[in-house]
Amino acid sequence: MVSSAAAPIETETPALVLRDFGDGPFGIYIHVPFCATRCGYCDFNTYTAGELGTSASPQSWLEALRGELATAAERFAALPTATPEVATIFVGGGTPSLLGGDGLADVLDSVRANFTFAVDAEVTTESNPESTSPQFFERIRAAGFTRVSLGMQSAAQHVLKVLDRTHTPGRAVAAAKEARAAGFEHVNLDLIYGTPGERDSDLDASLDAVLSAGVDHVSAYSLIVEDGTALARRVRRGELPAPDDDVLAARYERIDARLGAAGLTWYEVSNWAAGDSARCRHNLGYWDGGDWLGAGPGAHSHVGGVRWWNVKHPARYADTVARGGLPAAGWEILTADEQHTERVMLTVRLRTGLPLNELAPTESAAATRIIADGLAVRSGDRLILTDRGRLLADGVVRDLLT
């Protein structure tokens, strides 16, 4: 249970209030906002060198990150409950591998300087295949990283071109093998399916490549055309067709069948793993309603039912931290109803399912209808999506909460 005690946390704008940590695992997310180029489909808070100019750099970002971590640790220490050991660390972006092995080692040292790691802490970094090498993987493994997530997206050159991805088709598989050779037991490859122009044969080639890499985790996401992206502008001008829902459903089924046959089982709608130990514990912390500190420009945090988010631009982020504050742009205290809504939205997507005893009477009635429609099954005291239900997960959530 989360304590109702609150302690004021002073920031530049606005003042932030924190509550005690909950009972779940505590994670830290580090946002690296740098990319070599901007992918056409991406709406993440990232910047190329040309976009930043002289206003920010990896060096100024790292200095600010150290300051934010130190300030956060100090403020957490003022709470009535002790700061938990860090169970998971996830360095994402952006392109963390642009920092190089030494840069990522510095990032991890900055976290260690302010927080205590659990003995079995999972430490992940995302990487672009083109900015990795055998030496890179050896360096970050020696630094303490335990898991690598590589952006592959597709093995088809023409699909990568539509996505504005710069890596060559075979590089992701080579990088995964290099990571395994460097001692990484846990390696993930990301796929995007449903890109305009992608054929079934292209997806099959991508799955062949993934399975040849010997990875123990795969994430596969349907292409979403986000407003404000270059891809959205191309679709709006009629240069590219919008993704087709029926095609996306067929592709998902194809992915699930191939990965399942190879021993990778779904544990979240878009994620497959070769056993429990291969699952991404950091992401499970999000999905299970845990606490985490998000450090870096635009990063989001959640502690004890309080959520806050950082200012987005790296220059403003660094300036705010330099003036002694946590760089929060805004914050909110989630009500019990809001926390319940988020728990339903996230937990129903997990293979372990949603506890039925957490549902309100109207939601329980909706769950009965969902089961009758073949979208979920009752397994003990939990509601678990069927194969068809996974395709319609968003609709299941809406039905439960309406």
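Where is Gly94 found? Gly94 sits in the loop between β4 (86-93) and α3, and we will come back to that loop below. Every view here shows a predicted model.

**View 1. Helices α2 and α3 pass each other in a right-handed crossing.** Let's start with a pair of helices. Two packed helices are described by the angle between their axes and the distance between the axes. Here the axes of α2 (residues 58-77) and α3 (residues 100-112) come within 9 Å and cross at roughly 15 degrees. Angles under 35 degrees count as roughly parallel, so α2 is roughly parallel to α3. From α2, the contact draws on Trp61, Leu62, Leu65, Arg66 and Leu69, while α3 brings Asp106, Val107, Ser110 and Val111. Sorted by class, this contact of α2 with α3 has six nonpolar, one polar and two charged residues.

**View 2. Helices α13 and α15 are oblique to each other.** The axes of α13 (residues 361-372) and α15 (residues 393-401) come within 7 Å, crossing at roughly 140 degrees. On the α13 side, look for Glu363, Ala366, Ala367 and Ile370; on the α15 side, look for Val396, Asp399, Leu400 and Leu401. This contact of α13 with α15 has six nonpolar, no polar and two charged residues.

**View 3. Helix α4 has its buried residues on one face.** In α4 (residues 134-143), Phe136, Phe137, Ile140 and Ala143 are buried. Seen down the axis of α4, the buried residues fall within an arc of 125 degrees, so they line one face of the helix. An α-helix has 3.6 residues a turn, so residues three or four places apart point the same way. What do the buried residues of α4 pack against? They pack against α3, β5 (117-127), β6 (147-153) and α6 (171-181). Turn to the other side of α4 and you will meet Gln135 and Ala142, which are exposed. Just after α4 comes Gly144, with a positive phi of about 120 degrees.

**View 4. Gly93 and Gly94 are joined by a cis peptide bond.** Here is the loop from the opening question, between β4 and α3. Omega for the bond from Gly93 to Gly94 is near 20 degrees. Most residues other than glycine have a negative phi, and most peptide bonds are trans.

**View 5. Gln153 and Asp164 each have a positive phi: Gln153 at about 70 degrees, Asp164 at about 60 degrees.** Neither Gln153 nor Asp164 is a glycine. Gln153 is found in strand β6, where it is buried, with a relative accessible area of 7%. Asp164 lies in the loop between α5 (157-163) and α6. Is Asp164 buried or partly exposed? With a relative accessible area of 31%, Asp164 is partly exposed.

**View 6. Gly298 is a buried loop residue, with a relative accessible area of 18%.** The loop in question runs between β11 (291-295) and β12 (300-303). Buried means under 20% relative accessible area, so Gly298 counts as buried. Which residues does Gly298 touch, not counting those up to four places away in sequence? They are Asn45, Asn310, Val311 and Lys312. Gly92 is 206 residues apart from Gly298 along the chain, and the C-alpha atoms of the two are separated by 12 Å.

Conventions: Residues numbered from 1 in each chain as written. Predicted model: local features only at pLDDT ≥ 70, side-chain atom pairs only at ≥ 80, totals over all residues. Heavy atoms only, no water. Axes fitted to C-alpha atoms, helices over the stretch in contact; angles between N-to-C directions. Helix = DSSP H or I, 4+ residues; strand = E, 2+ residues; numbered from the N terminus. Parallel < 35°, antiparallel > 145°, perpendicular 65-115°, else oblique. Left-handed = near helix turned anticlockwise from the far one by under 90°. Contact = heavy atoms within 4.5 Å. Nonpolar A, V, L, I, M, F, W, Y, C, P; charged D, E, K, R; others polar. Buried < 20%, exposed > 50% of the residue type's maximum accessible area, 1.4 Å probe, protein only. Arc of directions from axis to C-beta.
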